[in-house]
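Open the model in a viewer and keep the sequence panel visible. The stops below say what to select and what is there.

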Amino acid sequence: MNSASDRSKRMKAMFGGINPEELAATVAPSPLSQAGRRVSSGAVRSMQDSFSAIEDENARLRDQLAGSEAVVEIAPDQIEPSFVRDRMEDEVDPGLADLVRSIGEHGQQVPILVRPHPDASGRYQIAYGHRRWKASRQLNRAVKAIVRPLSDDALVIAQGKENSERKDLSFIEQALFAQELKERSFDRQTIAAALGRSEDKGLAYISILTSLASTLSLDIVRKIGPAPKTGRPRWEKLAAHFSDRKLPAARSSAANGLMSSEKWLAADSDARFSMLLSLLDAKEKPVSARSIIKGGAGQEAVAIERTGQVTRFAVDERQNPGFAEWLARELPSLVTRFEQERG
């Protein structure tokens, strides 16, 4: 235990050099006993107990600080983003400029969380705080960070936790995030935790997300963007137009034309989604093709019109009187002949 002398010195330092015994004496002088000796009054004992409580609290805080994670400064070029992408940030992040200005004026108030890079000595990988890292990189200043030895599972869960506390991922961002984690062999429990979902309800939802993401063309989804106002029903409606992540040839050509237009480039993400879905939902106009079979005298014998999957034969009775009736009689034998040749 500490000696009385050491204790007195600490107490004196705590109160700016004032002797605590003298302070106690000025507050409540001790009465004399019948034998003429001083005894501690209740006030003095109370003050001594208070000093002990303060000293114990200070020791507790010192131990807590000593055991807490330190915030360190790391050069931004020593840091890499997370190995899995969660957000579909637009090419221009409208809030990044404000964040750069805020950190430039007031400094980085909240540290990011990183882990030592699993494959590169002296480098780090972000669990969360990507935008603060980007802002610090633009300012060319060190990044304040907490370094924690995280497993892959712990990193993606921490990454997802920050998303749930900052700004929710859109439905399609959740789907792509879940699909990428699945492709990296994370189990559904970890994926659910990374998306902030309870295990009892989250596992079925993860299956919905990964199933939809595996249907859509990732290239087209990236061109649409996060579409924060577009929910699951409309994304499922869009996915119905894809087969093996591909659009039919005619629709693909029309979609590519739309996505390279000025109207598309000027629109926000939700508007882009609506434009593409409207294009794919529109019924295709059948393309018609017409040809003519002429008779020996050069007159029109049969007109053939093909529209989609339907072919029509037309006979002009004015040009060839009686030919339609003859053709009708011969058709059964022609059908039999066709079937025999086809085998």
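**Whole chain**

Begin with everything shown as cartoon: the chain has 15 helices and eight strands. Helices (H or I, at least four residues) and strands (E, at least two) are DSSP runs, numbered from the N terminus. This is a predicted model, in which local features need pLDDT of at least 70 and side-chain atom pairs count only at pLDDT 80 or more, while totals for chains, interfaces and linings use all residues. Residues are numbered from 1 along each chain as its sequence is written, and side-chain values use heavy atoms, with hydrogens and water left out.

Colour by pLDDT, the predictor's confidence in each residue, from 0 to 100. The chain average is 79, and 75% of the residues score at least 70. Select residues 23–40: pLDDT is below 50 there, and the stretch has 21 contacts in the model beyond near neighbours in sequence. A contact means heavy atoms within 4.5 Å. Then select residues 60–67, where pLDDT is also below 50; this stretch has zero contacts beyond near neighbours in sequence. Where pLDDT is low, the predicted coordinates should not be read in detail.

Switch to colouring by accessibility. Of the 343 residues in the chain, 32% are buried. Buried means under 20% relative accessible area, exposed over 50%, and partly exposed in between (1.4 Å probe, protein chains only). Among contacts in the chain with a separation of 6 or more, 62% are between residues 24 or more positions apart.

**A helix pair**

Select helix 4 (residues 96–106) and helix 5 (residues 130–139). They pack at an angle of about 65°, with their axes 9 Å apart. Axes are lines fitted to C-alpha atoms, for helices over the stretch in contact, and angles run from 0 to 180 degrees between N-to-C directions. Helix 4 passes helix 5 in a right-handed crossing; a crossing is right-handed if the near helix is turned clockwise from the far one by less than a right angle, and left-handed if anticlockwise.

Show side chains at the interface. From helix 4, Leu96, Leu99, Val100, Ile103 and Gly104 take part. They meet Arg131, Arg132, Lys134, Ala135, Ser136, Gln138 and Leu139 of helix 5.

**A buried isoleucine**

Go to isoleucine 206, in helix 9 (residues 199–215). Is isoleucine 206 buried or exposed? It is buried, with a relative accessible area of 1%. Leaving aside residues up to four places away in sequence, isoleucine 206 touches Arg188, Ile191, Ala192 and Leu195. Its C-alpha atom is 9.1 Å from that of glutamine 189, 17 residues away along the chain.

**Salt bridges**

A search of the whole structure finds 10 salt bridges, each a side-chain nitrogen of Lys or Arg within 4 Å of a carboxyl oxygen of Asp or Glu. Three of them follow.

- Glutamate 180 and arginine 184 meet through their side chains at 3.5 Å, N to O. Arginine 184 is partly exposed, at 41% relative accessible area.
- Aspartate 219 and lysine 223 form a salt bridge at 3.5 Å, N to O. The two are separated by about one helical turn because they are four residues apart in helix 10 (residues 218–224). Aspartate 219 is partly exposed at 49%, as is lysine 223 at 35%.
- Aspartate 281 and lysine 237 form a salt bridge, also at 3.5 Å, N to O. Aspartate 281 lies in helix 14 (residues 269–281) and lysine 237 in helix 11 (residues 232–239), so the pair ties together parts that are 44 residues apart in sequence. Aspartate 281 is partly exposed at 33%, and lysine 237 is partly exposed at 46%.

**The three-stranded sheet**

Finish with strands 6, 7 and 8, an open sheet with the order 6-7-8 and antiparallel pairing. Strand 6 (288–294) and strand 8 stand at the edges with a single partner strand each, so one side of each has no neighbour in the sheet. The twist averages 15° from one strand to the next.

Zoom in on strand 7 (residues 300–307) and strand 8 (residues 310–314), joined by five bridges. Two strands pair if DSSP finds at least two bridges between them. Threonine 307 has valine 310 in strand 8 as its bridge partner, and alanine 303 has alanine 314. The two strands form a hairpin with two residues between them. Select glycine 308 in the turn: its phi is positive, about 60°.
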